[in-house]
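Work through the exercises below with the sequence and the 3D structure open. Try each task before reading its solution.

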Amino acid sequence: MDALRIEIVEVSNEKVVARCPFMMQPDNTLDSFMGSFNSETVASVGSWNLLDMENEYAIGLEISANHIRGESEGTVKATGFPIHKTTMVWEIQITDENDKPICFSRCTTAVNKRIKKNNS
C-alpha cells in the first residue's frame, strides 16, 4: 500500500474508504491493476476489521471489476460496503475527485479459522 500511496481514510463495520493517486494506462483509463488492487485492498481491510483476528483470517477468493469511464489525473477514491458478512462479499465503487464513477467492483474474501498449535 505504501509503494502505491494508498491511504486508508475510513474503516468501520459498515464501510471502508481509501484514496490514492490516479495511475493510468497509455489510453488515459484507470489502470485495471489499480482498480482491482484498490478494490481488493478495501475488501481485505474491511474483512479483517470484522474478524476475530485471534481465531480467524481472511484471504482473497474472487474479484471482478467493471471499468466504465476513463480519467487522466488526480486522485481516485475507493469506497467499499459489505453486502454479506459471513463469506465477506464487498461491493466497491471507485470514483474520481468529483465523485463520478470510474469502476464498480465486487470482491469476496474467504474467512478461515486459524489452526492452534498444541504446545504440549
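Helices (H or I, at least four residues) and strands (E, at least two) are DSSP runs, numbered from the N terminus. The model is predicted: local features need pLDDT of at least 70, side-chain atom pairs count only at pLDDT 80 or more, and totals for chains, interfaces and linings use all residues. Residues are numbered from 1 along each chain as its sequence is written, and side-chain values use heavy atoms, with hydrogens and water left out.

**Exercise 1. Elements and sheet**

Task: State which secondary structure elements the protein has, and in what order the strands stand in the sheet.

Solution.
Step 1. Count the elements: the protein has one helix and six strands. Along the sequence they follow the pattern β-β-α-β-β-β-β.

Step 2. Find the pairs. Two strands pair if DSSP finds at least two bridges between them. The six strands form an open sheet, ordered E1-E2-E4-E5-E6-E3, with antiparallel pairing.

Step 3. Look at the edges. Strand E1 (7-11) and strand E3 (56-67) each have a single partner strand, so one side of each is left without a neighbour in the sheet. On average, neighbouring strands of this sheet are turned by 20 degrees against each other, direction ignored. For this angle, axes are lines fitted to C-alpha atoms, for helices over the stretch in contact, and angles run from 0 to 180 degrees between N-to-C directions.

Step 4. Check single pairs. E2 and E4 run antiparallel and are joined by six bridges. Val-17 stands opposite Thr-79 in E4, and the bridge partner of Val-16 in E4 is Gly-80.

**Exercise 2. The hairpin**

Task: Describe how E4 and E5 are joined, and say whether Met-88 is buried or exposed.

Solution.
Step 1. E4 and E5 pair in the antiparallel sense over seven bridges. In one of the facing pairs, His-84 has Val-89 in E5 as its bridge partner.

Step 2. The two strands form a hairpin with four residues between them. Met-88 is in the loop between E4 and E5, and has a positive phi of about 65 degrees although it is not a glycine.

Step 3. Apply the cut-offs: buried means under 20% relative accessible area, exposed over 50%, partly exposed in between (1.4 Å probe, protein chains only). Met-88 has a relative accessible area of 2%, so Met-88 is buried.

Step 4. Turn to the loop between E5 and E6, where Asp-99 lies. Asp-99 also has a positive phi of about 65 degrees and is not a glycine. With a relative accessible area of 48%, Asp-99 is partly exposed.

**Exercise 3. The core**

Task: Find which elements supply at least two residues each to the largest nonpolar core.

Solution.
Step 1. A nonpolar core is a set of buried Ala, Val, Leu, Ile, Met, Phe, Trp, Tyr and Cys residues joined through side-chain atoms within 4.5 Å. The largest one has 18 residues, and Val-42, Trp-90, Ile-92 and Ile-94 have the most contacts inside it.

Step 2. At least two residues of this core come from each of strand E2 (16-21), helix H1 (32-50), strand E4 (75-84), strand E5 (89-95) and strand E6 (101-113).

Step 3. List the neighbours of Val-42. Contact means heavy atoms within 4.5 Å. Not counting residues up to four places away in sequence, Val-42 touches Val-16, Ala-18, Ala-78, Thr-79, Gly-80 and Ile-92.

Step 4. Place the core in context: of the 120 residues of the protein, 33% count as buried. In soluble globular proteins, nonpolar side chains tend to be buried together.

**Exercise 4. Two glutamates**

Task: Decide whether Glu-56 and Glu-97 are buried or exposed, and find a polar partner of Glu-56 and of Glu-97.

Solution.
Step 1. Glu-56 is found in strand E3, and at 16% relative accessibility counts as buried.

Step 2. A polar contact is a pair of N or O atoms within 3.5 Å; within protein, one must be able to donate a hydrogen and the other to accept it, and residues adjacent in sequence count only if both atoms are side-chain atoms. The side chain of Glu-56 makes such a contact with the side chain of Lys-113 (3.2 Å).

Step 3. Glu-97 sits in the loop between E5 and E6, and counts as exposed at 55% relative accessibility.

Step 4. A polar atom of the Glu-97 side chain lies 3.0 Å from the backbone nitrogen of Thr-75. Glu-97 and Thr-75 are 22 residues apart in sequence, while their C-alpha atoms are 6.0 Å apart.
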